[in-house]
Amino acid sequence: PTTAASLLPTAMKVAVMVLLLACGYAAATSSSSSPATSTAAPTTAAPITTTPPPTTTPPPQNCEDMMATVTAKSGKMMFTKGDNNVTAVTVSFSKLAELSSSGSPVGMSGSYKHEFTDFANLDFSTTSWINSTYQGLKVKNMNISANVLTGTLNTRIYLFMESGSITSGSETLPATKCSFKFDVEITNWPFCLAQTTTPGPTTTPVPTTTAVATTVAPTTVNASARAAREVSLRNVVTDQNRVCNNNGTIEVGAYLQLGMIINSQNVPASVVSTGFQGAKYALGSGVDFILSKTQQVDGAWTAMPNSYPMLQQIGGNQTFQFRFNAFASRVYYDPIIEFGNPNHRPPPAPPAQNILDEAAVVDLTLSKNIADIPVGSNARDDFINALTGTVALALKVSTDRIWITGIRAGSVIASVSITGGTASERNALATGLVNQASDPSSALRTADSSITSGTQVKDATNPVGPDTSAASRALVSLSLAALAVLSVLVLH
């Protein structure tokens, strides 16, 4: 008869087999329940710069069909390409306003207002075009200037005659041949002060004989207009009268915000690339507006406040807002207008499906008619490009992390897939996008007022390995069978 002792070697073999099967099951379970960790995409967006073409290429094409014209009263600039002005960009100054550190207007309670809006009646002086250089590149240059309150607003316009790259602080921006660049310099703005050097009541008027500290007016500005403007400034030239007392609250100026209305053929601007160092907006007809996020304040380069420059729709006008830090004497900023191929820009090809499978997805609802953006049309391409750029700018990520993966009716519902980074980061960005979609004052809805709501419809996931559930079930069955055999042998 079989004894337990005689069955011991066999039982040991079975036990070893069970242990091996158990180890295999544990490994399979671990593989299916613990997704593999993917390499996170960089969370810092790449700058918008491109590798500049060499300046030793064949002679550049003629730029004589490019033109910039300036309206002396208002300083409105028009940049055109071609004699028929088919491609034209207009740039108009709309408002200068002093703000507190929280972004609220200051200096508005007294008779003298710390803002300027009457650009339509402001006289600008202009110079003739001259041949010059800008950071080593050949350019044509003209300047315009005007007195604004106690300071001046200066703008220099450049037409690049060769391609290369230029720097703005620590940023490098492309400068292509036959593109325009203009800068903005504001000097001697009378910021509201925290305290005076000569204490005294702020309501005491300064005698009309007090000297006025203004910069020298351009020689072409009407002398009588200049004199009238200087008389209006007599109550704010001293430090004592630059204290802004608003019902007992002393206001301090922290920022100066400049609004500029920029349009091209009545086409809405759309962001085509973004990065933490700037953004490029498509203005239509192949025209791009390249914006830096840096400003030069009293000779030192520094970043603009968060979210600026910013695109807003104000009174039906497409207005770019530039928020400058308070300065003692001067602030400087320089964007670029680039005339390129007038053909429309198709959206980039989407990433691999496995990347989209791991994305966080938000459905945005827009008050648009889906019939206006039929499948395969340029209008749909432009819609996708614009929404991609708007979302990327609002979330402060690069455009290669945002993909429009679905468009359907009702009014228009666009599925926005957020890729890159970790799953938790993608989910956090999705939450932020939903929150911005519900906030009319958010960067998202400020840039695109047609957005009405957002809903997260899919959470981000980490990548997983092949499905091992069937193998796991088979291992469990084998393990249970082996244990049953072992139990029978031991009992005998």
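This is a short chat about the folds, links and odd spots of one predicted model.

Q: What kind of model is this, and how are residues numbered?
A: The model is predicted, so local features need pLDDT of at least 70 and side-chain atom pairs count only at pLDDT 80 or more, while totals for chains, interfaces and linings use all residues. Residues are numbered from 1 along each chain as its sequence is written, and side-chain values use heavy atoms, with hydrogens and water left out.

Q: How many helices and strands are there?
A: The chain has seven helices and 28 strands. Helices (H or I, at least four residues) and strands (E, at least two) are DSSP runs, numbered from the N terminus.

Q: And what share of the residues is buried?
A: Of the 492 residues, 46% count as buried. Buried means under 20% relative accessible area, exposed means over 50%, and partly exposed is in between (1.4 Å probe, protein chains only).

Q: What about the surface?
A: About 23,400 Å² is exposed by the chain, with carbon and sulfur atoms supplying 57% of it. Accessible areas come from the Shrake-Rupley method with a 1.4 Å probe; for residues, only the protein chains shown count as cover.

Q: How much of the contact count comes from residues 24 or more positions apart?
A: Such residues account for 68% of the contacts with a separation of 6 or more. A contact means heavy atoms within 4.5 Å.

Q: New topic. How many disulfides does a search find?
A: The search of the whole structure finds one disulfide. Cys192 and Cys244 form it, with their sulfur atoms 1.9 Å apart. The cut-off for a disulfide is a pair of cysteine sulfur atoms within 2.5 Å.

Q: Where do those two cysteines sit?
A: Cys192 is in the loop between β12 (184-187) and α2 (223-232), and Cys244 is in strand β13 (residues 244-246). The pair links distant parts of the chain, 52 residues apart.

Q: Are they buried or exposed, and which hand does the link have?
A: Cys192 is buried at a relative accessible area of 3%, and Cys244 counts as buried at 7%. The link is left-handed, with -80 degrees about the S-S bond.

Q: OK, aromatic rings. How many pairs?
A: The structure holds 14 aromatic pairs. Rings of Phe, Tyr and Trp (its six-membered ring) pair if their centres lie within 6.5 Å; planes under 30 degrees apart count as stacked, over 60 as edge-to-face and the rest as tilted.
A: One of the pairs is Phe116 with Phe119, which is edge-to-face at 5.0 Å centre to centre, with 85 degrees between the planes. Phe116 is buried, with a relative accessible area of 14%, and Phe119 is buried too, with 2%.

Q: What is the geometry for Tyr281 and Phe320?
A: Tyr281 and Phe320 are edge-to-face, 5.0 Å centre to centre and 90 degrees between the planes. Tyr281 lies in strand β17 (residues 278-284) and Phe320 in strand β22 (residues 317-325), so the pair ties together parts that are 39 residues apart in sequence. Tyr281 counts as buried at 1% relative accessibility, and Phe320 is buried at 0%.

Q: Which rings join Tyr281 and Phe320 in a cluster?
A: Ring pairs link Tyr281 and Phe320 into a cluster with Phe79, Phe180, Phe182 and Phe289.

Q: Which ring does Arg323 sit over?
A: The charged end of Arg323 sits over the ring of Tyr255, 5.6 Å from its centre. For that, NZ of Lys or CZ of Arg must be within 6 Å of the ring centre and within 35 degrees of the ring normal.

Q: Last topic, the backbone. What does phi usually look like?
A: Most residues other than glycine have a negative phi, and most peptide bonds are trans.

Q: Which way does the phi of Ser74 go, and where is Ser74?
A: Ser74 has a positive phi of about 115 degrees although it is not a glycine. Ser74 is in the loop between β1 (66-70) and β2 (77-81), and is buried, with a relative accessible area of 15%.

Q: How do β1 and β2 run?
A: They run antiparallel, joined by five bridges. Two strands pair if DSSP finds at least two bridges between them. Val70 stands opposite Met77 in β2.

Q: Where are the cis peptide bonds from Tyr308 and Gly410?
A: One runs from Tyr308 to Pro309, with omega near 0 degrees, and Pro309 is in the loop between β20 (300-303) and β21 (310-314). Another runs from Gly410 to Ser411, with omega near -25 degrees.
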